[in-house]
Amino acid sequence: MIGKRLLLAALLAAPLIVPAWAQDATVAVEQPWARATPGAGTTGSVYLTLTAQGAPDRLIGVATPAAAMAMVHESYVDGGVSRMRMLDGVALEPGKPVTFHPGAMHIMLEGLKAPLKTGASVPLTLTFAHAAPMTVSVPVLKPGAAGPDAMPGMKMP
Ligand SMILES: [Cu+2]
């Protein structure tokens, strides 16, 4: 009798746990920004901070109507030469912010349909393994900008 009751409880609980977990998956997207592209350049970069909330997640795709192609790149130095490689995803641990910034991970835009102009913004859609896809507006900062917070007397977290 007790065994049957436990089994029933397990059956009732199981379908509740899985979808709830998937629905609760969210990723905070903070401080997206891009650098203005000089002249007729057709390549741009977007930076942002991603933080999974509550459960691990994974960034698995990026897209924008502003460019023919968007992908996650990682910059690294090989024998004194700066290179980039494409990443097929970025693991996101709950509560641990992952920040994309110049010289490290970035979202590469290739085949820009128009130059990125200071003060404009571009939409960027992020796809995750668990969280629902999210579209953010990415403000374009001036050429050579180091980031939205890169001011003298930078505030500490
Ligand atoms: Cu790149």
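Leu59 sits across from Val90, a residue of strand S6. That pair belongs to the antiparallel match between strand S3 (residues 57-63) and S6 (residues 90-92), which has three bridges. Strands count as paired here if DSSP finds at least two bridges between them. S3 is also joined to S9, again antiparallel, by four bridges, and there Gly61 faces Thr127.

A word on ground rules. This is a predicted model, where local features need pLDDT of at least 70 and side-chain atom pairs count only at pLDDT 80 or more, while totals for chains, interfaces and linings use all residues. Residue numbers start from 1 along each chain as its sequence is written.

**Overall layout**

The protein chain has one helix and ten strands, and in sequence order the helix comes before the strands, as α-β-β-β-β-β-β-β-β-β-β. Both kinds of element are DSSP runs numbered from the N terminus, with helices being H or I over at least four residues and strands being E over at least two. Contacts in the chain with a separation of 6 or more are 69% between residues 24 or more positions apart. A contact means that two C-beta atoms, placed from the backbone, lie within 7 Å. Of the 157 residues, 21% count as buried. Buried means 20 or more other C-beta atoms within 10 Å of the residue's own, exposed means 12 or fewer, and partly exposed is in between, with C-beta atoms placed from the backbone.

**Strand S4 and its partners**

S4 (residues 67-78) pairs with S8 (residues 105-112) through seven bridges, running antiparallel. In that pairing, Met71 has Met108 of S8 as its bridge partner. Seven bridges also join S4 to S5 (residues 81-87), antiparallel too, with Val77 opposite Ser82. Two residues lie between S4 and S5 in their hairpin, where Gly79 takes a positive phi near 60°.

Here are the pairings side by side:

| Strand pair | Bridges | Direction |
|---|---|---|
| S4 and S8 | seven | antiparallel |
| S4 and S5 | seven | antiparallel |
| S3 and S6 | three | antiparallel |
| S3 and S9 | four | antiparallel |

Glu110, part of S8, is also worth a look. Why does Glu110 count as partly exposed? Because it has 13 C-beta neighbours inside 10 Å. Its contacts, leaving aside neighbours within four places in sequence, are Thr43, Ala67, Ala68 and Met69. With Met69, the C-alpha separation is 5.1 Å, although the two residues are 41 apart along the chain.

**The core**

As a rule, nonpolar side chains tend to be buried together in soluble globular proteins. A nonpolar core here is a set of buried Ala, Val, Leu, Ile, Met, Phe, Trp, Tyr and Cys residues joined through C-beta atoms within 7 Å. The largest one has 26 residues, and Ala34, Val46 and Val122 touch the most other members. At least two residues each come from S1 (26-35), S2 (43-53), S4, S8, S9 (121-128) and S10 (134-141). S2 gives the most, with five residues.

Ala34 lies in S1 and is buried because 26 other C-beta atoms lie within 10 Å. Beyond residues up to four places away in sequence, Ala34 touches Gly44, Ser45, Val46, Leu116, Val122, Val138 and Val140. Its C-alpha is 9.9 Å from that of His101, 67 residues away in sequence. Val46, setting aside neighbours within four places, is in contact with Pro32, Ala34, His106, Ile107, Leu109, Leu124 and Val138.

S1 also holds Gln31, a residue other than glycine with a positive phi, near 45°. Is Gln31 buried or partly exposed? Partly exposed, since 16 other C-beta atoms lie within 10 Å of Gln31.

**How far to trust it**

The predictor's confidence in each residue is pLDDT, on a scale from 0 to 100. The chain averages a pLDDT of 86, and 80% of the residues score at least 70. Among the elements, S6 has the highest mean, 98, and helix H1 (residues 2-24) the lowest, 52. Over residues 14-22 the pLDDT is below 50, and this stretch has two contacts in the model beyond near neighbours in sequence. Residues 151-157 are also below 50, with two contacts beyond near neighbours in sequence. Where pLDDT is low, predicted coordinates should not be read in detail.
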